Amino acid sequence: MSNILDTLNQGSKYPNSYYDASEFVRFVPGQLYPANAVDVRIKEVDVKKKYKALVYNVTFEIADACKDLTFTGQDNAEIKGSSFVGRKVKATGIFQFLVPEEGDTFEPNHSGNERYFHFCESLGVECPTATIKINGAEKQVRTIPTLNKEDILGKPVKVFLDNHGYKDYKTGEQKTTVMAKSFSPWVEGSKRDLAMEDLPF
């Protein structure tokens, strides 16, 4: 007696091809994963009609070192880190708020740079301390550079993945995905040379 696969695959070069959602291992939210930055997109945006910022949209690829880790999923199920190696995950937008120059109409938002500052530190980018004067009083702050793609691509970092809700604008439904929400240094990690990896030899 033939089944539906037999019917669908009559004359097919690749018989019995199918998808089983139960075989897909989902990321365990609330955990750190070793990764490398593999794609960076930077754009300038207006924020709340008050500030101006550079937004870094970064995609990470889970590193081979993840295979040595074990995660605890739902119902205390043990999940091997090898299930996630090579998977890509996006970060929520990382904002660097810009400082207005003479003639600019937007306002500064120095406190809004906290996540960008931690991102720089996690990448191993130096953020030296500087002394500035505010209303005549001296204050120590941490300076943060403006990063470009080359400063980020290939860099090793630990990404903290967690659930992120969003609205599907096609259906209007609220959905949930897993994204990188914060970062930590991955001291033992190595930078990947993505340009060399793309070469055909």
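In this briefing, Ala, Val, Leu, Ile, Met, Phe, Trp, Tyr, Cys and Pro count as nonpolar, Asp, Glu, Lys and Arg as charged, and the others, Gly among them, as polar. Keep that in mind for the second largest pocket, whose lining divides into five nonpolar, three polar and four charged residues. One thing to know up front: what you're looking at is a predicted model. Here's a quick tour.

**The overall build**

- The protein's secondary structure adds up to four helices and 10 strands.
- If you walk along the sequence, you meet them in the order α-β-β-β-β-β-β-α-β-β-α-β-β-α.
- There are 201 residues in the protein, and 32% of them are buried.
- Take the contacts between residues at least 6 apart in sequence: 61% of these join residues at least 24 apart.
- On the outside, the protein exposes about 13,900 Å², with carbon and sulfur atoms supplying 48% of that area.

**The nonpolar cores**

- The largest nonpolar core contains 35 residues, and Y33 and F60 have the most contacts inside it.
- Two or more residues of this core come from each of β1 (31–47), β2 (51–62), α2 (114–122), β9 (156–167) and β10 (174–184).
- The top contributor to this core is β2, which gives five residues.
- There's also a second, separate core of six residues, and V47, Y51, A53 and F97 are among them.

**The largest pocket**

- Rolling a probe the size of a water molecule over the atoms reveals where empty space is left.
- The largest pocket holds about 460 Å³ of space.
- It's lined by 15 residues, and the closest to its centre are H110, N113, V141, R142 and I144.
- At least two lining residues come from each of β6 (94–97), α2, β7 (129–134) and β8 (137–142).
- With three residues, β8 gives the most to this lining.
- By type, the lining of the largest pocket splits into seven nonpolar, five polar and three charged residues.

**The second largest pocket**

- This pocket has a volume of about 240 Å³.
- To find it in the structure, look for its lining residues: F24, R26, F27, P29, R87, K88, V89, K90, N163, T176, T177 and V178.
- Both β5 (88–90) and β10 supply at least two residues of this lining.
- You've already met β10 as an element that gives two or more residues to the largest nonpolar core.
- Try sorting the lining residues with the opening definition: you should get the five nonpolar, three polar and four charged residues given at the start.

Notes: Residues numbered from 1 in each chain as written. Predicted model: local features only at pLDDT ≥ 70, side-chain atom pairs only at ≥ 80, totals over all residues. Heavy atoms only, no water. Core = buried A, V, L, I, M, F, W, Y, C linked by side-chain atoms within 4.5 Å. Buried < 20%, exposed > 50% of the residue type's maximum accessible area, 1.4 Å probe, protein only. 1 Å grid on protein atoms, 1.4 Å probe; cavity = no way out; pocket = protein on both sides within 12 Å on 5 of 7 lines; lining within 4 Å. Points joined across faces, edges and corners; volume = space filled by probe spheres on them. Contact = heavy atoms within 4.5 Å. Areas by Shrake-Rupley, 256 points an atom, 1.4 Å probe, with all protein chains shown as cover.
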